[in-house]
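Please look through the model shown below with the paragraphs that follow at hand. They take up strand pairing, helix packing, cysteines and backbone angles in turn.

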Amino acid sequence: METPGSQSSLHRANLERVVRAVRMAGSLTQAEIARTTGLSAATVSNIVRELKDGGTVDVTPTSAGGRRARSVSLSGDAGIVVGVDFGHSHLRVAVGNLAHRVLAEESEPIDVDASAAQGLDRAEEVVARLLTGAGIGPEKVIGVGLGVPGPIDVETGVLGSTAILPGWAGTNPRDDLAARLGVPVHVDNDANLGALGELVWGGGRGVADLAYIKVASGVGAGLVIRGQVYRGPGGTAGEIGHITLDEAGPVCRCGNRGCLETFTAARYVLPLLTPSHGPDLTMPRVVALAREGDPGCRRVVADIGRHIGSGVANLTNLLNPSRVILGGDLADAGDLVLDPIRDSVARYAIPSAACGLTVVPGALGGRAEVLGALALVLSEMGDAPLPAAPAHRSTATV
């Protein structure tokens, strides 16, 4: 029996630190593991050897700084995680392993007016189809990450009343999907998952303090502080879309007037172009036309950027992030939207905070949230080491 402070207890704690570091990074050299965990090189070497012999990790030759090194990743056979991302009009599902390899992925449109039960029916079908197509049995799945467009109560899993999907407010998609799939489900809002996706796989790698701004049918921010997503005690941190810009402005879906969202979200800005471009315009089309030089679309994109920049300036003054990552359809506009954001930040943020801030487009595009859902499962698995992997090794690739 282990006792606190015993050699066996210390060894187990060190082993768990190594497993967690590799799990969140996907792969690390042994030197990187030592730096991340604070363990000595000799201790890391012994633990990696033990994990490799048990089938928990794979070790492959690599190079680092021009020198030979060994890359450590969790065994692809140690377990499967699933990411499910619901947007205003889409469902995206990804299946991956613990070595951060995406084995299958699919996206399809959904009806925004569908009920939560109908949406989860679709998700259940897509998950089953992807697992079957990848030759993976459902018993291999150890957890599911679920993203929804709205505030989530972190304790109960209940979706708040200001959710973008009207038929989902007040539901508990976490528990409902867990009952359907028979595995633990971890849920978060889409902006937080976008931040987590970019932090682990994209434009936020190596950045400890950042904000991910998603502009789509709504506007939200995922906040990363000291390498961890910050949700707040009620799960509503990052609702940047409801910063008030104009007390006499349009009525927002939250009940207030002049929220940032009413000047930037697709549902509010697309009607501005209806007289000149017709009623079927979408935000991706606006961005494409703006890049082609359409003056009306360019003006709307620039105005959106200036308004977002005002919100980012407030965020910068409060939290002083070193990077802001723009996600959603608008990110494809590049400097047409990023330059106005930067201009507003330079104007409204205090210089000492603004000078250290970079504003960049997301690196993952529309995949940020579903990859963040995969990362959510990895981060919520706790520190327990993994069981030994079976002898058979998967050959699936990205």
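The model is a predicted one, and a convenient place to enter it is strand β2 (residues 57-64), which pairs with β3 in the antiparallel sense over eight bridges. Within this pairing, Thr-62 stands opposite Ala-69 in β3. The hairpin that β2 and β3 form has two residues between the strands, and in that hairpin Gly-65 takes a positive phi near 65 degrees. Strand β3 (residues 67-74) is also joined to strand β1 (residues 27-29), again with the two running antiparallel, this time by three bridges; here Leu-28 is the residue that stands opposite Val-72 in β3.

Further along the chain, five strands make up an open sheet with mixed pairing, in the order β6-β5-β4-β7-β8. Strands β6 (102-109) and β8 (185-189) stand at its edges, and because each of them has a single partner strand, one side of each is left without a neighbour in the sheet. From one strand to the next, the twist averages 15 degrees. At one end of the order, strand β7 (residues 141-148) pairs with β8 in the parallel sense over five bridges, and Gly-145 stands opposite His-186 in β8. Helix α5 (residues 173-181) packs on the sheet, where it touches β7 and β8, and its direction makes about 145 degrees with that of β7.

A second helix to follow here is α14 (residues 368-380), which lies across β4 (80-86), β5 (90-97), β6, β7 and β8 and runs at about 135 degrees to β4. Helix α14 also packs with helix α6 (residues 190-201), at an angle of about 80 degrees and with the two axes 7 Å apart, so α6 is roughly perpendicular to α14. Which residues meet where these helices pack? From α6 they include Leu-193, Leu-196, Val-200 and Trp-201, and from α14 they include Leu-371, Leu-374, Ala-375 and Leu-376. Sorted by class, the contact of α6 with α14 has 10 nonpolar, four polar and three charged residues; among the charged ones are Asp-190 and Glu-198 in α6 and Glu-369 in α14.

The cysteines deserve a separate look. A disulfide is a covalent bond between the sulfur atoms of two cysteines. A search of the whole structure finds zero disulfides. Cys-254 is in no disulfide, although the nearest cysteine sulfur, that of Cys-259, is 3.7 Å away; the reason is that a disulfide is counted when the two sulfur atoms are within 2.5 Å. Cys-254 counts as partly exposed at 28% relative accessibility, whereas Cys-355 is exposed, with a relative accessible area of 67%.

Finally, the backbone holds two residues that merit a check. Most residues other than glycine have a negative phi. His-100, however, is not a glycine and has a positive phi of about 65 degrees; this residue is found in the loop between β5 and β6. Is His-100 buried or exposed? With a relative accessible area of 14%, His-100 is buried, because buried means under 20%. Asn-320, likewise not a glycine, has a positive phi of about 55 degrees, and its place is in the loop between α11 (295-319) and β12 (323-327). With a relative accessible area of 44%, Asn-320 is partly exposed.

Technical notes
Residues numbered from 1 in each chain as written. Predicted model: local features only at pLDDT ≥ 70, side-chain atom pairs only at ≥ 80, totals over all residues. Heavy atoms only, no water. Pairing = 2+ DSSP bridges. Helix = DSSP H or I, 4+ residues; strand = E, 2+ residues; numbered from the N terminus. Buried < 20%, exposed > 50% of the residue type's maximum accessible area, 1.4 Å probe, protein only. Axes fitted to C-alpha atoms, helices over the stretch in contact; angles between N-to-C directions. Contact = heavy atoms within 4.5 Å. Parallel < 35°, antiparallel > 145°, perpendicular 65-115°, else oblique.
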